[in-house]
Structures are given as structure tokens and as C-alpha cells.
Amino acid sequence: MMMRFAGRMLRETDPRLLWKFGYNFGYKGMRSVQKFKQRLKKGEHFPPFLFISIISGCQLRCQGCWVDVASPSKHIDLDALNRIVNDAKKHGNSFFGILGGEPFLHPQLFDLLEAHPDCYFQIFTNGQLIDDKVAARLRRCGNASPLISIEGTEVVSDERRGRPEVLNKTLAGLQACRRHKLIVGVATSVCKTNIDDLVQESWLHRLIDMGVHYAWFHTYRVVGPDASPELALTPEQVIDVRRFIVRMRNRLPIAIVDAYWDDKGEALCPMATGVSHHISPYGDIEPCPIIQFARETIHDGDSFFDTVTQSSFLDDFRKTAAKTTRGCIVLERPDLVRDLAVSHEARDTTQRQTALAELESLQARSSQHHPGQEIPEENWMYRFAKKHWFFGFGAYT
Ligand code: SF4
């Protein structure tokens with residue numbers, strides 16, 4: 001299967017982009033995790049993977065979206081973004097997740113990519129603003145991969161994303177990526193209304209036919225002002241998603257990403273392990289994208305690295321989450337998230353200023369952690385990669 005996948009990558013993508021991906025993300029990504037492990041030994045917590053929401057504005061209105069898309073759009077300016085990236089680079093980081101809102105609405109996104117040819121950026125996008133001009137510029141940069149979100153069939157997509165014609169516009173963006181030989185992925189937040197359509201081998205075949213190189217299956221998070229709890233998966237469905245991912249990794253020439261399980265199939269939380277933290281569109285340093293509280297910002301002090309490593313707020317969140325569950329503390333214990341935010345007198349980082357009320361309205365529910373029902377990786381490459389670069393990092397011992 002791996003040979004077929006490698007063949008696809010060589011045939012379908014620009015060799016210069018494949019090299020950048022292999023070196024800036026693959027090799028340097030591995031090195032950044034090694035440096036992270038060394039820092040952990042010194043008790044220094046600075047994540048190898050930063051997720052930055054560079055802008056709050058978006059043209060869609062998705063169910064379960066926690067971003068202030070209905071408020072005036074705000075973004076982090078280029079100087080501040082460069083300061084974050086340069087500081088993180090000094091400590092060995094090379095990979096950055098770029099989120100929004102919709103990142104392609106940010107007026108300086110390409111200036112950021114062009115300023116850091118030695119890094120790799122994964123752009124979480126709805127794909128609707130990617131036309132030939134944008135795709136051609138992405139190809140020239142060579143150091144970014146669009147991860148395009150698809151949430152269902154035509155009908156479900158419009159329903160989930162609160163606008164008409166969503167899927168067609170997104171697929172047009174995907175086709176532009178293909179025409180320009182980009183490395184492109186498709187992400188889905190798996191929920192009740194799309195699991196039967198998208199957690200299917202036939203859907204992965206369709207993605208392969210559309211020139212998609214990797215798929216990322218998240219499980220729906222019941223958060224935000226329009227949390228839509230009716231969309232949440234049952235525990236059995238979450239386990240089905242895990243089983244499907246493991247099986248398909250051995251069958252199809254497409255990479256499948258998850259951020260919830262290690263090589264043994266044991267659950268983990270990227271925030272609790274410290275492998276990633278999040279920066280809001282307003283510069284707040286948050287434990288993760290859906291925990292919209294902060295004590296520190298990117299503008300505090302002279303060193304972003306020091307601000308993050310010296311944060312007792314982040315430290316307490318990591319420790320409390322790891323002590324409580326291997327799953328998602330927001331889903332399983334929203335009350336504890338609330339208590340942590342209050343005890344640290346953390347700021348509600350949203351424009352809508354309803355994050356605390358939203359937490360208080362949440363009912364506890366299960367997440368990716370199902371003790372006794374672990375499904376280990378079957379494919380040796382995923383097993384090896386997770387064993388060395390994506391596991392608990394001592395958080396759960
Ligand atoms: S707290 Fe939940 S949403 Fe946040 S990183 Fe952990 S598992 Fe993911």
C-alpha cells in the first residue's frame with residue numbers, strides 16, 4: 001500500500017513541494033519533537049506544534065464553531081506572526097497549523113509563508129477562496145498544504161456550514177489545488193449527520209480520485225455559541241471511527257491523520273501532553289482552540305518562549321487534564337475547565353464574552369477515551385511514527 005501511496009505523491013505533486021514537505025515537515029518535524037522531549041526533561045513545556053488562528057472572520061457559519069465569526073473580523077498582524085514563528089524556530093520548531101476563521105481572508109497570509117521558507121504550514125481552510133491564482137502562489141511558496149474541511153454531502157454541507165452551495169464551492173477549491181500539484185488534505189469533523197457518508201471506504205476512494213493525499217478525521221466537539229449537541233457521536237460511533245481509521249491505513253494509498261490515539265490505541269489529548277497549544281485571533285495563548293480562556297498573550301514580555309514556558313495557567317491545564325482523563329477534558333469535565341478558568345482569573349478570550357456561560361451549559365459526555373476498547377495501530381509505519389513522535393510524552397504516568 002505504501003508503494004502505491006508513494007507513487008501517487010510522485011505522480012500528482014510538484015517534486016519541489018514534496019521535498020519541502022519531506023524536509024521541513026518530516027525531518028525537521030521529527031527533530032522538533034526530539035527537542036521537545038529534551039525540554040521536558042528540564043521541566044520546560046514549549047510545544048513542538050503551535051496552532052495559530054490568524055483571523056476570526058469567515059464567510060461560513062458552521063454548527064459547533066467556537067470562533068467569533070459573527071463579530072467584526074480581527075487578525076494577528078504580520079509582525080506579530082513573524083515574532084511567534086521566529087521565536088519558535090529558535091527552539092527547533094518548523095511546523096505550524098494555521099487556522100481561523102478562514103485563513104485565506106487574512107491580507108498577509110502569503111507574506112507569512114514567504115517569510116519562512118524553512119518552515120511548513122498546514123492551512124485549515126474551507127477551500128472556497130482557493131482559485132487558480134491562490135493555488136499558483138501556494139505552489140510558488142511550496143511550504144504549505146491546504147487542509148480543506150468537508151462536512152458532508154451537498155445537503156448536509158449546507159446545513160452544517162450555514163450557507164448554500166458549500167460543497168461545490170469547496171470542491172472547486174480542491175480542484176484548483178490539484179491543477180497546481182499541491183499536497184492537499186481533507187478534514188472532517190465526524191458527527192451524527194455525516195458519519196454514514198464520510199466514514200466509508202467509498203468516500204476515501206472518492207478523495208483519492210479527486211487528488212487528495214491525506215484525510216484527517218476529527219470527532220465533533222460540542223462547543224461554541226451554536227454547540228448543536230444532537231450532532232455528537234455515541235461512544236460506539238467514536239470507536240467505529242477509530243477502527244475504520246486503523247483498517248483503512250493498511251488498505252488505501254492515502255494518508256490518514258488523527259490526533260487522539262497513540263500506537264497502542266490509547267487515547268491522548270494534544271493539549272494535556274503539551275505537544276500543542278493554541279493562539280487565538282486576538283493573540284491570546286490558550287491551552288487548545290476550544291478552551292477560550294487565557295492569562296497570557298503573544299504581546300507579553302520580550303520572549304514568547306518564556307511567556308509559554310512560565311505559564312502556570314497552561315501548566316495547570318495540562319496537569320489537570322492528564323490527571324482527569326486521557327480523553328477530552330472539555331467534553332468529559334466541562335465543570336473542571338470552568339473551575340480552572342475561574343481559579344486562575346483567566347480572561348474569556350471571545351468577543352462575544354459568553355465562553356463561561358457556554359461551558360456551564362455543557363453536559364459531560366464521553367470523548368476519544370474508552371478504556372478496555374483500545375484498537376492498536378496495524379500498519380507498522382503509523383505504529384513506528386506514533387511510538388516515537390506522537391504519544392503521551394509522560395503526561396499520563
Ligand atoms: S482538550 Fe479536547 S479539544 Fe482540546 S486538545 Fe484536548 S482533546 Fe483536543
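What follows is a chat between a student and a tutor about a predicted model.

Student: What makes the overall size of the protein agree with a compact globule?

Tutor: Set the two values side by side. A compact globule with 397 residues would have a radius of gyration near 21 Å, and the protein has 19 Å, so the two agree. The C-alpha trace spans about 55 × 45 × 40 Å along its principal axes. Within that there are 17 helices and 11 strands.

Student: Why is α13 called roughly antiparallel to α15?

Tutor: Look at the angle. The axes of α13 (residues 312-324) and α15 (residues 334-343) cross at roughly 155 degrees and come within 11 Å. Angles over 145 degrees count as roughly antiparallel, so α13 gets that label relative to α15. As for handedness, α13 passes α15 in a right-handed crossing.

Student: How do you know that α13 and α15 meet?

Tutor: Contact means heavy atoms within 4.5 Å. From α13, Phe 313, Asp 316, Phe 317, Thr 320 and Thr 324 meet Leu 336, Val 337, Leu 340 and Ala 341 of α15. Sorted by class, that contact has 6 nonpolar, 2 polar and 1 charged residues.

Student: And what is α5 to α7, oblique or roughly parallel?

Tutor: Helix α5 (residues 132-141) and helix α7 (residues 166-179) have axes that cross at roughly 40 degrees and come within 9 Å. Roughly parallel needs an angle under 35 degrees, and roughly perpendicular starts at 65. The angle fits neither, so α5 is oblique to α7. This crossing is right-handed.

Student: Which residues meet between α5 and α7?

Tutor: Asp 132, Ala 135 and Arg 139 on the α5 side meet Ala 176, Cys 177 and Arg 179 on the α7 side. By class you get 3 nonpolar, no polar and 3 charged residues.

Student: What makes a residue part of the shell around the ligand?

Tutor: One of its heavy atoms has to lie within 4 Å of the ligand. The residues that qualify are Arg 221, Cys 269, Pro 270, Met 271, Cys 288, Ile 290, Cys 328 and Gln 368. The shell divides into 6 nonpolar, 1 polar and 1 charged. Cys and Pro count as nonpolar here, by the way.

Student: What about the backbone: which residues does a cis peptide bond join?

Tutor: Gly 100 and Gly 101, with omega at about 10 degrees. Gly 101 sits in the loop between β2 (95-99) and α4 (109-115).

Student: And what is notable about phi of Glu 345?

Tutor: Phi of Glu 345 is near 50 degrees, a positive value in a residue other than glycine. You'll find Glu 345 in the loop between α15 and β11 (347-348).

Key: Residues are numbered from 1 along each chain as its sequence is written. This is a predicted model: local features need pLDDT of at least 70, side-chain atom pairs count only at pLDDT 80 or more; totals for chains, interfaces and linings use all residues. Side-chain values use heavy atoms; hydrogens and water are left out. Axes are lines fitted to C-alpha atoms, for helices over the stretch in contact, and angles run from 0 to 180 degrees between N-to-C directions. Helices (H or I, at least four residues) and strands (E, at least two) are DSSP runs, numbered from the N terminus. Angles under 35 degrees count as roughly parallel, over 145 as roughly antiparallel, 65 to 115 as roughly perpendicular and the rest as oblique. A crossing is left-handed if the near helix is turned anticlockwise from the far one by less than a right angle, and right-handed if clockwise. The radius of gyration is taken over C-alpha atoms; the globule rule is 2.2 Å times the number of residues to the power 0.38.
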